[in-house]
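Welcome! Have the sequence and the 3D view ready, and work through the exercises below at your own pace.

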Number of protein chains: 2
Amino acid sequence: MTTDALTALTSALPPASWSRDADEIAPHARDWRGRVQGDTPLLLKPGNTQEVSRILGICHDRRIAVLPQGGNTGLVGGSTPKGEVLISLKRMNAIRAVDPANDSLTCEAGAILETVQTAAREAGRLFPLSLGAQGSAMIGGLISTNAGGVHVLRYGMMRELVLGLEAVLPGGRVVSDLAGLRKDNTGYDLKQLFIGAEGTLGVVTGATLKLFARPASTAVAVAAVADPAAAVELLSLMKEQTGGVCAFELMPRIGLDLVVAHVPGSRHPLGREADWCVLIEVSSGEPDRAGLLMEHALENAFERGLVSDAVIAQSEAQAAEFWRLRESIPEGEKAHGKAAKHDVSVPVSRMAAFMAEAAGLAETELEDAMVIAFGHVGDGNVHFNIARRTPGAGDDFLAQAAPVTARLYDLVDRHNGSISAEHGIGTIKQSEFLQRKPLEVELMRAIKGVIDPHAIMNPRVLLG
Amino acid sequence: MTTDALTALTSALPPASWSRDADEIAPHARDWRGRVQGDTPLLLKPGNTQEVSRILGICHDRRIAVLPQGGNTGLVGGSTPKGEVLISLKRMNAIRAVDPANDSLTCEAGAILETVQTAAREAGRLFPLSLGAQGSAMIGGLISTNAGGVHVLRYGMMRELVLGLEAVLPGGRVVSDLAGLRKDNTGYDLKQLFIGAEGTLGVVTGATLKLFARPASTAVAVAAVADPAAAVELLSLMKEQTGGVCAFELMPRIGLDLVVAHVPGSRHPLGREADWCVLIEVSSGEPDRAGLLMEHALENAFERGLVSDAVIAQSEAQAAEFWRLRESIPEGEKAHGKAAKHDVSVPVSRMAAFMAEAAGLAETELEDAMVIAFGHVGDGNVHFNIARRTPGAGDDFLAQAAPVTARLYDLVDRHNGSISAEHGIGTIKQSEFLQRKPLEVELMRAIKGVIDPHAIMNPRVLLG
């Protein structure tokens with residue numbers, strides 16, 4: 001990039017809105033998992049939508065490649081610059097308005113998820129998106145990656161939680177719909193393009209999000225099941241008998257073993273007999289009701305032989321402890337050694353067959369392999385990770401596992417699944433994505449071509 | 001259209017897949033409300049996706065304009081041909097699969113909504129989309145218009161109920177994703193473009209729809225409120241205290257008067273004292289629970305002075321009677337005379353102010369005006385219809401009302417609303433739409449340009 005181009009940008013902005021300081025840039029140039037080290041000639045930190053507009057005007061005119069970044073918690077290399085100018089939304093973090101009667105909240109793209117959850121709670125409402133990185137992840141990034149998390153089962157992914165967007169297009173024009181309408185059938189729903197686009201069509205600068213009534217009661221339980229097939233059957237039963245399943249997370253004993261071994265203060269909730277557990281969260285609009293619902297449904301599940309043991313959290317602290325176990329599986333796994341990770345989905349009805357075949361594949365193809373498959377089984381989404389049984393696996397193991405990944409994705413295809421359920425494509429899954437969906441990629445590129453004709457927006461990511 | 005072009009189409013299809021018979025064509029060429037009389041040189045009735053593909057291949061190559069039609073129950077002139085070749089999906093009406101463990105159902109575009117509801121029920125599940133025309137409306141049309149209806153509050157519009165689509169593009173290529181995945185973050189969500197596109201991008205030929213657990217109990221009540229502001233406040237209370245509001249429909253006394261006068265066997269559920277009523281439907285995952293929830297919440301509403309009178313249906317028959325009153329408002333209105341109809345939305349929090357100003361506008365600008373504003377107030381969507389107080393209004397009244405419509409839409413704009421909440425644009429709202437959203441229209445046209453470069457798909461509708 002020419003000095004001239006950089007000067008055009010810096011001279012168009014107030015000093016607070018850009019930086020070339022290496023120390024300030026460093027954390028923005030490395031990815032969340034520490035696997036990708038990037039670089040950028042210029043960190044832009046716009047303070048408002050007008051500045052973003054000015055930036056994308058200049059970048060469009062001068063063909064300057066731009067990478068937008070939220071909390072930089074992505075897992076697929078989509079927010080790490082390699083020479084692009086970096087736009088961090090971190091200074092645009094205002095909650096603009098909370099409208100309880102409309103069940104909506106409007107904020108800037110840099111607002112942190114936890115802040116939004118808190119603002120909703122203070123207004124007596126719920127913003128249900130919930131995921132491990134919520135203390136860092138920003139709304140704009142969560143929208144641009146269509147984030148998932150643990151409450152998708154009840155409330156949907158980020159796509160379903162967005163009532164409207166404000167986004168700046170390459171060239172600088174602003175499309176904005178922050179009215180918070182629940183119904184608006186006036187043509188193509190353009191906001192849908194920006195949701196999950198991984199910053200390749202423009203910069204999301206603000207959003208109006210859907211809020212919900214807070215549940216009057218919530219219950220959390222851990223139940224032991226024989227296998228993933230029983231877990232799926234239990235899910236149907238819980239849905240039918242409680243009407244309020246918010247989360248349904250698979251936890252293999254092997255994963256809990258790693259948590260207990262490596263995360264201080266953690267213990268198995270049910271002992272070590274069961275090979276598989278599920279963490280279940282049920283909520284109700286009535287006070288003191290969710291626990292009863294959970295109890296009755298689990299009793300039925302016992303009678304049908306679906307569940308061999310279960311414990312319902314007796315306090316909020318115990319519920320939090322159960323959730324901490326679930327959320328600590330990646331940490332336990334990391335302490336054990338490197339693992340080949342796969343965020344995949346299949347129809348819920350095919351989950352059990354897929355898991356069995358995938359485990360067979362991993363164990364046949366890789367010596368000393370240990371499958372740690374956990375997560376959002378209620379959505380048909382499993383984090384299917386392959387580690388080495390012997391601790392301390394390093395990059396050599398990842399290299400060995402690479403061909404298994406390709407075969408695992410073929411297996412996902414045969415089960416009509418997706419090679420990226422919630423993490424997105426970024427750069428890490430790009431080649432697998434491009435070869436699997438040729439017609440769709442052609443259409444996406446055609447659409448990108450008319451919105452970003454000079455291909456300045458996150459050009460290495462997603463469509464490449 | 002040349003005879004040659006017609007012959008190219010008919011000779012590419014089996015005899016059962018097309019018709020030039022005037023009697024068979026007639027019902028397809030007139031709109032649901034009988035306001036638009038159209039014509040077509042050829043009715044195509046493809047029996048499968050391959051035939052649709054062949055048709056769109058020929059039409060694309062020869063620049064033949066095409067209008068796709070489902071149940072032809074649209075209200076904005078979007079499915080009435082004016083010289084275009086007509087593709088009716090009526091023969092493609094199979095339910096392809098029901099997958100209860102995945103909570104999904106896959107069907108062809110010509111499946112009728114009521115048939116889909118029944119298939120879901122027989123599998124122990126719920127397909128929640130519900131609207132007046134459900135005995136005729138077809139899934140493909142409901143998707144292409146992003147249909148709403150009475151259960152949007154709880155389950156969302158059609159957009160939120162579609163897991164995947166099969167659609168034929170101009171040129172004949174088929175994009176298909178009928179796996180029924182709940183999570184798939186692999187690039188732009190292309191299906192969103194076809195949902196609500198009013199047939200301007202291609203022909204939807206199949207869909208995988210989201211199913212839900214059936215509520216174990218449901219309660220329906222009619223409650224009298226002082227005004228729309230009280231209705232909105234009551235909505236918040238019901239959401240907070242029941243956790244399961246499925247429908248919340250505003251019914252003005254003036255509308256119920258017309259139903260009672262013109263629809264045999266109907267009567268006011270609460271007498272004639274209250275100027276405004278709401279119909280409330282609450283459901284629960286527990287048997288015999290919804291009635292209790294409704295009762296407690298309504299008691300609280302009484303205590304807070306939000307509700308002056310209420311009746312909870314004591315049987316399914318009585319619940320159906322309440323619903324019939326709501327659904328009969330258009331019939332009562334029609335019997336009274338012609339009315340200027342407006343399907344508009346505003347943020348729920350602005351509903352009361354909007355309604356008051358809009359009623360003031362209508363009554364000031366039109367002599368003998370009577371406002372009949374009813375419907376989905378829980379979604380911020382009201383059918384704001386203006387009739388003449390004196391019965392028997394005809395087309396002269398509609399002509400008088402036309403300038404008021406324009407001013408009403410300006411008022412909608414000032415309240416950050418939409419001039420089409422659920423009915424779409426079609427041809428009837430086209431000029432109002434095109435002038436109100438210039439940047440969005442430009443983007444929509446650019447996207448249409450790359451998917452349908454010869455502009456063969458429903459060319460008079462939406463973008464014009």
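Which residue in β10(A) does Leu165(A) stand opposite?

**Before you start**

This is a predicted model, in which local features need pLDDT of at least 70, side-chain atom pairs count only at pLDDT 80 or more, and totals for chains, interfaces and linings use all residues. Residues are numbered from 1 along each chain as its sequence is written, chains are lettered from A and ligands numbered from 1 in the order in which they are written, and side-chain values use heavy atoms, with hydrogens and water left out.

**Exercise 1. Place Leu165(A) in its sheet.**

Step 1. Leu165(A) stands opposite Ala207(A), a residue of β10(A). Helices (H or I, at least four residues) and strands (E, at least two) are DSSP runs, numbered from the N terminus.

Step 2. Now look at the two strands: β8 (residues 162–168) and β10 (residues 203–210) of chain A pair in the antiparallel sense over six bridges. Two strands pair if DSSP finds at least two bridges between them.

Step 3. Widen the view to the open sheet of five strands in chain A, with the order β5-β6-β10-β8-β9 and antiparallel pairing. β5 (95–99) and β9 (174–176) of chain A stand at the edges, and each has a single partner strand, so one side of each lacks a neighbour in the sheet. From one strand to the next, the twist averages 10°.

**Exercise 2. Find the helices that lie on this sheet.**

Step 1. Helix α3 (residues 49–62) of chain A lies across β5, β8, β9 and β10 of chain A, and runs at about 50° to β8(A). Axes are lines fitted to C-alpha atoms, for helices over the stretch in contact, and angles run from 0 to 180 degrees between N-to-C directions.

Step 2. Helix α4 (residues 113–122) of chain A also packs on the sheet, where it touches β5, β6 (104–108) and β10 of chain A. The direction of helix α4 makes about 145° with that of β6(A). Contact means heavy atoms within 4.5 Å.

**Exercise 3. Decide whether Asn146(A) is buried or exposed, and list what it touches.**

Step 1. Asn146(A) is in the loop between α5 (139–144) and α6 (152–155) of chain A.

Step 2. Its relative accessibility is 4%, so Asn146(A) counts as buried. Buried means under 20% relative accessible area, exposed over 50%, and partly exposed in between (1.4 Å probe, protein chains only).

Step 3. Leaving out residues up to four places away in sequence, Asn146(A) touches Met157(A), Met158(A), Arg159(A), Ile195(A), Gly196(A), Glu422(A) and Asn185(B).

**Exercise 4. Work out how chains A and B are related.**

Step 1. A turn of 180° with a shift of 0.0 Å along the axis lays chain B on chain A with an RMSD of 0.0 Å. Copies are superposed by least squares on the C-alpha atoms of residues with pLDDT of at least 70 in both.

Step 2. That is the relation of a two-fold axis. The same surface serves both copies, as 99% of the contact residues of chain B recur in chain A.

**Exercise 5. Look for positive phi values in chain B.**

Step 1. Asn72(B) is not a glycine, yet has a positive phi of about 55°. Asn72(B) sits in the loop between β3 and β4 (85–88) of chain B, and is buried at 10% relative accessibility.

Step 2. Asn146(B), also not a glycine, has a positive phi of about 45°. Asn146(B) is buried too, with a relative accessible area of 4%.
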